[in-house]
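Subject: Structure for your review, with notes

Dear colleague,

I am handing over the structure we discussed, and I would be glad if you could keep it open while you read the notes beneath it.

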Amino acid sequence: MAVNDDAGIVELARDETKSLQVKIATDEHDLQLKAKKASEWLAEGHRIKLDLFITGRAKYMDFKFLNERLDRILKLITEKYKVAESPKKGLKGLTMVIEKA
């Protein structure tokens, strides 16, 4: 989203929502890469939507277990953040939104 300031210069707005998608069995190294990217986005001031993508039988697993899977990536994020929207079950799985604290 472009915004005009007083000097007439066009800048990008910093309130964009970025999206990260992980699965239940996402490897630790892949989680570290995604957490690093999430930390960069938070430092830039973006909100981040985290999706835990669930397929098949995994849809019927315990909510506590699925929430622990989301917590794996949250522990790896280095920037300070706050939870804007708590984890909710959606069509594709669990979804939550975090933003810079």
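The notes below go through the sheet, the helices, one buried residue and the salt bridges.

Please bear in mind throughout that this is a predicted model.

The sheet

Four strands make up an open sheet of mixed pairing, and their order across it is E3-E4-E6-E5. The edges are taken by E3 and strand E5 (81-89), each of which has a single partner strand, so one side of each is left without a neighbour in the sheet. From one strand to the next, the twist averages 20 degrees.

The pairing can be followed strand by strand. Strand E3, covering residues 17-23, pairs with strand E4, covering residues 47-53, in the parallel sense and over seven bridges, and within this pairing Gln21 stands opposite Asp51 of E4. On the way to strand E6 (residues 93-100) the sense is antiparallel, with six bridges joining E4 to E6; here Phe53 has Gly93, in E6, as its bridge partner.

The helices

Helix H1 (residues 28-43) belongs with two of these strands, since E3, H1 and E4 together make a right-handed β-α-β unit. H1 lies across E3, E4, E5 and E6, and its direction is at about 165 degrees to that of E3. Helix H2, which spans residues 63-74, also lies across E3, E4, E5 and E6, running at about 35 degrees to E6.

A buried residue in H2

If you would like a single position from which to look around, I would suggest Leu66, which lies in helix H2. Is Leu66 buried or exposed? Its relative accessibility is 0%, and because buried means under 20%, Leu66 counts as buried. When its neighbours within four places in sequence are left aside, Leu66 is in contact with Ile24, Leu52, Ile54, Ala58, Met61, Lys89 and Leu94. One of these contacts, Lys89, is 23 residues from Leu66 in sequence, while the C-alpha atoms of the two are 9.8 Å apart in space.

The salt bridges

The structure holds six salt bridges, and I describe some of them here. In helix H1, the side chains of Lys37 and Glu40 meet in a salt bridge, at 3.4 Å from N to O. Because Lys37 and Glu40 are three residues apart in helix H1, about one helical turn separates them. Lys37 is partly exposed, at 38% relative accessibility, and Glu40 is likewise partly exposed, with a relative accessible area of 35%.

Other salt bridges connect strands. Glu85 forms one with Arg47, and the closest N and O atoms of this pair are 3.8 Å apart. The pair links distant parts of the chain, with Glu85 in strand E5 and Arg47 in strand E4, 38 residues apart. Both count as partly exposed, Glu85 with a relative accessible area of 36% and Arg47 at 27% relative accessibility.

Arg47 also forms a salt bridge with Glu99, with 3.4 Å between the closest N and O atoms. Since Arg47 lies in strand E4 and Glu99 in strand E6, this pair ties together parts that are 52 residues apart in sequence. Through salt bridges that share partners, Arg47, Lys82, Glu85 and Glu99 are joined into one network.

With best wishes

Definitions and conventions
Residues numbered from 1 in each chain as written. Predicted model: local features only at pLDDT ≥ 70, side-chain atom pairs only at ≥ 80, totals over all residues. Heavy atoms only, no water. Pairing = 2+ DSSP bridges. Helix = DSSP H or I, 4+ residues; strand = E, 2+ residues; numbered from the N terminus. Right-handed = clockwise from strand over helix to strand, strands pointing away. Axes fitted to C-alpha atoms, helices over the stretch in contact; angles between N-to-C directions. Contact = heavy atoms within 4.5 Å. Buried < 20%, exposed > 50% of the residue type's maximum accessible area, 1.4 Å probe, protein only. Salt bridge = Lys/Arg side-chain N within 4 Å of Asp/Glu carboxyl O.
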